[in-house]
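Hi everyone, thanks for coming. Please have the sequence and the structure open while I talk, and stop me whenever you like.

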Amino acid sequence: MLSVVPSPVVVRAPSKVNLHLGVGDLRPDGYHDLTTVFQALSLADDLELAPSASLTVRVTGEGAAQVPTDRANLVWKAAVRLAHLAGRAPLVEIAIAKGIPVAGGMAGGSADAAAALVGLNELWDLGMGRDELSEVAAELGSDVPFALHGGTALGTGRGERLLPVLSRNTFHWVLALAKDGLSTPSVFRELDRLRAEGEPPRLGDPQKLMQALAAGDPRTLAPLLGNDLQAAALSLKPELRRTLRAGVGAGALAGLVSGSGPTCAFLCETEEAAITVAAELAGAGVCRSVRTASGPVPGARVLDAETHG
Ligand code: C5P
């Protein structure tokens, strides 16, 4: 009998920056209630998924040596979970090409998990809708639903409850990647510690920021960017203050720590300005490497054969 071997599925998953990250108090379940505005960025990971005799994960690219290739990888968990729901064995080889910094506050692991869900839905022809995939995504991690959704969105709860936000125009960013990563739980713990000691200022609501997004003006948006986790990330890595100063000194409209850090994100007025800021930052010796990116971009999506060659 002739059997048709399905060709590999390639999925691109975006990174994210939190334009606004308001962190509430620690909840009894160990999480914090968030009010956050996410923007998906063009800096991305690509996953290739192909049928295999066993579940295998391979990682290449940016920070690959730090990424586990066993059940500790969210992609592994995504494959096991989806296979269980589909009533089949997770026989797939997943090759991750990393562009997103590892433990960088840009949701790289979450992006990979979202890409795995989208890719396996296609490879196994499961016909699951975005809402169903989103539920599985939320079980895997707080940022995974946004990596599926993409664009610009308001996140509440753990960050997994999403509402789309109107955003006009493309925004241009420079990302300063740090030498070592920061673990997300340790940054949240540091914020709890700082709050137990004193009262670090808390962000208000993101209404004005959302108006600036709807108007599509980076100059109006810049002073409204904010992140309650920034004080904690700076407390754990004080050298990030120099990075933030250097980006603004190089001509960025504003800079902030991305998510739990340590990546610093700089909003620039135009693409040309971003290229200039990136070049100056790269020469300033305040970070490991520099990338430019734009947003918003779509969430995890299958690339057709022409797009990925
Ligand atoms: O959901 P995820 O597994 O990605 O979260 C990783 C860790 O980040 C959690 O275990 C928790 O320590 C912290 N976190 C939090 N509040 C959130 C999201 C994450 O405290 N809303």
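Let's start with where the ligand sits. Both domain 1 (9–165) and domain 2 (171–295) give residues to the shell around the ligand, so the ligand lies between them. Keep in mind that this is a predicted model.

Which residues are around the ligand? Walking along the chain, we meet Gly30, Tyr31, His32 and Leu34, then Gly141, Ser142 and Asp143, then Arg158 and Gly159, and finally Thr184, Pro185 and Phe188. Sorted by class, that shell has six polar, four nonpolar and two charged residues. Two elements, β2 (32–51) and α5 (184–197), each supply at least two residues of the shell. The largest share comes from α5, with three residues.

Now for the two domains themselves. Their C-alpha centres lie 22 Å apart. How many residues of each are in contact? It is 25 residues of domain 1 with 33 residues of domain 2. On the domain 1 side, the elements giving two or more residues are β1 (9–26) and β2. You may remember β2 from the ligand shell, where β2 supplies at least two residues. And the side of domain 1 that touches domain 2 has 15 nonpolar and ten polar residues, with no charged ones.

Next, please find a pair of helices, α1 (residues 74–86) and α3 (residues 130–140). Their axes are 10 Å apart, and the helices pack at an angle of about 135°. That angle makes α1 oblique to α3. The crossing of the two is right-handed. On the α1 side, the contact uses Leu74, Lys77, Ala78, Arg81, Leu82 and Leu85, which meet Val136, Glu139 and Leu140 in α3. By class, the contact divides into six nonpolar and three charged residues, with no polar ones.

Before I finish, a few backbone details in the loops. Where is Pro262? Pro262 lies in the loop between β9 (254–257) and β10 (264–268), and the peptide bond leading from Gly261 to Pro262 is cis, with omega near 5°. The peptide bond from Gly295 to Pro296 is also cis, with omega near 0°. Pro296 is found in the loop between β11 (289–295) and β12 (301–303).

My last stop is Ala103, in the loop between β4 (92–98) and α2 (108–123). Phi of Ala103 is near 50°, a positive value in a residue other than glycine.

That's my tour; I'm happy to go back to any part of it.

Methods: Residues are numbered from 1 along each chain as its sequence is written. This is a predicted model: local features need pLDDT of at least 70, side-chain atom pairs count only at pLDDT 80 or more; totals for chains, interfaces and linings use all residues. A residue is near a molecule or strand if its C-beta atom, placed from the backbone, lies within 6 Å of it. Helices (H or I, at least four residues) and strands (E, at least two) are DSSP runs, numbered from the N terminus. Ala, Val, Leu, Ile, Met, Phe, Trp, Tyr, Cys and Pro count as nonpolar, Asp, Glu, Lys and Arg as charged, and the others, Gly among them, as polar. Domain bounds come from an automatic or database domain assignment. Two residues are in contact if their C-beta atoms, placed from the backbone, lie within 7 Å. Axes are lines fitted to C-alpha atoms, for helices over the stretch in contact, and angles run from 0 to 180 degrees between N-to-C directions. Angles under 35 degrees count as roughly parallel, over 145 as roughly antiparallel, 65 to 115 as roughly perpendicular and the rest as oblique. A crossing is left-handed if the near helix is turned anticlockwise from the far one by less than a right angle, and right-handed if clockwise.
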